[in-house]
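Dear colleague,

Please find below the structure that I am handing over to you. My account of what was found in it follows directly after.

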Amino acid sequence: MAVPAMQQNLATKVELHIECKNLLNKDALSLSDPIVVIFDMDNNTEVGRTERLSNTLNPKFGKAIFVDYKFEEVQKLKFMVYDLDNDTASFSDDDFLGSMECTLGQIVSAKIYSTTMSNTGKSSIMIKADEVAENNDAVILSFRATHLDKKDVVGKSDPFLEFFKESTNADEWYKVHTTEVVKNTLKPTWKPFSIPVMDLCSGNLDKRIKIKCWDHDFDGKHDLIGEFYTTLRQLEKFKQV
């Protein structure tokens with residue numbers, strides 16, 4: 001039996017990507033280690049949180065926050081930014097960097113919603129919204145490489161991989177995963193890892209994925225060994241290769 005239109009759940013899944021600019025610096029010997037936590041103000045519940053990024057006042061977070069956008073409801077959200085200094089569950093012992101309140105409708109209608117945060121001077125937050133197809137699956141990926149370039153003067157290379165999800169904007173990418181470093185080898189095998197399909201490609205098996213291979217250096221100035229593009233649909237063809 002058809003459900004009357006007025007009784008249907010008028011909602012769609014949206015993906016939020018967050019950037020901040022000119023954050024306060026709360027660390028004495030380095031820069032802040034920011035994280036953003038999003039709260040539903042109506043229910044006083046946490047909607048989601050980004051990853052923590054180290055030593056930056058201008059973070060571009062790779063982890064997306066997925067929210068159900070309900071067309072006929074006013075969904076009030078609060079974005080709280082902290083300098084995360086430990087692994088405790090509470091933020092009471094972390095430095096507060098700023099906050100912003102708006103509705104999900106404002107973000108979705110603007111596509112890119114940007115504003116200053118409260119009590120922070122020039123600190124600003126930008127949120128980009130994209131409608132996505134919902135997919136609750138996760139995939140387990142495993143990678144190995146051979147004949148990599150030797151980048152170290154003493155020894156071989158210390159390779160690791162970074163995975164990026166394609167944005168709806170041309171030439172814009174979000175980092176979604178980093179593997180461990182495999183020491184002193186030109187033919188590494190990285191540990192398998194599990195990642196939600198929504199995080200990897202927004203539920204779209206044909207969305208491009210960029211994979212970069214780096215030689216790790218302790219000073220953070222990693223050497224690029226190479227990169228390539230693929231899709232999850234293409235990767236599925238190479239199971240157990």
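**Findings**

In the protein chain, residues 24 or more positions apart account for 62% of the contacts with a separation of 6 or more. Please note that this is a predicted model. The secondary structure of the chain comes to three helices and 14 strands. Of its 241 residues, 44% count as buried. Along the principal axes, the C-alpha atoms fill a box of roughly 65 × 60 × 35 Å.

**Nonpolar cores**

In soluble globular proteins, nonpolar side chains tend to be buried together. Here, the largest nonpolar core has 25 residues, and the members that touch the most others are Leu16 and Phe79. Two or more residues of this core come from each of strand E1 (11-21), strand E2 (34-40), strand E4 (65-70), strand E5 (76-83), strand E6 (95-103), helix H1 (104-110) and strand E8 (124-131). The most is given by E1, with four residues.

Phenylalanine 79 merits a closer look. With its neighbours within four places in sequence left aside, phenylalanine 79 is in contact with Ile18, Val36, Val37, Ile38, Gly98, Ser99, Met100, Cys102, Ile107, Ile125 and Ile127. There is also a second, separate core, which has 22 residues, among them Ala145, Leu148, Cys201 and Ile211.

**An open sheet**

Four strands form an open sheet in the order E4-E1-E8-E7, and their pairing is antiparallel. E4 and strand E7 (112-116) each have a single partner strand and stand at the edges, so one side of each is left without a neighbour in the sheet. On average, and with direction ignored, neighbouring strands of this sheet are turned by 30 degrees against each other. Five bridges make up the antiparallel pairing of E7 and E8. Serine 114 stands opposite methionine 126, a residue of E8.

**Salt bridges**

Side chains of opposite charge can pair when their charged atoms come close. With a cut-off of 4 Å between a side-chain nitrogen of Lys or Arg and a carboxyl oxygen of Asp or Glu, the count comes to twelve salt bridges. Three of these pairs are described here.

One salt bridge joins the side chains of lysine 128 and glutamate 172, at 3.6 Å from N to O. This pair links distant parts of the chain, 44 residues apart: lysine 128 is in strand E8, whereas glutamate 172 is in the loop between E10 and strand E11 (173-178). Both lysine 128 and glutamate 172 are buried.

Glutamate 162 and lysine 175 form another salt bridge, in which the closest N and O atoms are 3.2 Å apart. Because glutamate 162 lies in strand E10 and lysine 175 in strand E11, the pair ties together parts that are 13 residues apart in sequence. Is each partner buried or partly exposed? Glutamate 162 has a relative accessible area of 12% and is therefore buried, the limit for that class being under 20%. Lysine 175, at 39% relative accessibility, counts as partly exposed.

The strand that holds glutamate 162, E10, spans residues 159-166. The side chains of glutamate 162 and lysine 175 also make a polar contact, at 3.2 Å. Not counting residues up to four places away in sequence, glutamate 162 touches Lys175, His177, Thr178, Lys210, Ile211, Lys212 and Trp214.

In the third pair, aspartate 206 forms a salt bridge with arginine 233, and the closest N and O atoms are 2.7 Å apart. Distant parts of the chain are again linked, 27 residues apart: aspartate 206 is in the loop between helix H2 (197-201) and strand E13 (208-215), and arginine 233 is in helix H3 (residues 232-236). Aspartate 206 is partly exposed, with a relative accessible area of 46%. Arginine 233 is partly exposed as well, with a relative accessible area of 39%. Finally, Lys60, Lys128, Asp130 and Glu172 are joined into one network by salt bridges that share partners.

**Glutamate 236**

Helix H3 also contains glutamate 236. This residue is partly exposed, with a relative accessible area of 38%. How far apart are the C-alpha atoms of glutamate 236 and serine 123? They are separated by 43 Å, and the two residues are 113 residues apart along the chain.

With kind regards

Conventions:
Residues numbered from 1 in each chain as written. Predicted model: local features only at pLDDT ≥ 70, side-chain atom pairs only at ≥ 80, totals over all residues. Heavy atoms only, no water. Polar contact = N/O pair within 3.5 Å; in protein donor to acceptor, adjacent residues only side chain to side chain. Contact = heavy atoms within 4.5 Å. Core = buried A, V, L, I, M, F, W, Y, C linked by side-chain atoms within 4.5 Å. Buried < 20%, exposed > 50% of the residue type's maximum accessible area, 1.4 Å probe, protein only. Pairing = 2+ DSSP bridges. Axes fitted to C-alpha atoms, helices over the stretch in contact; angles between N-to-C directions.
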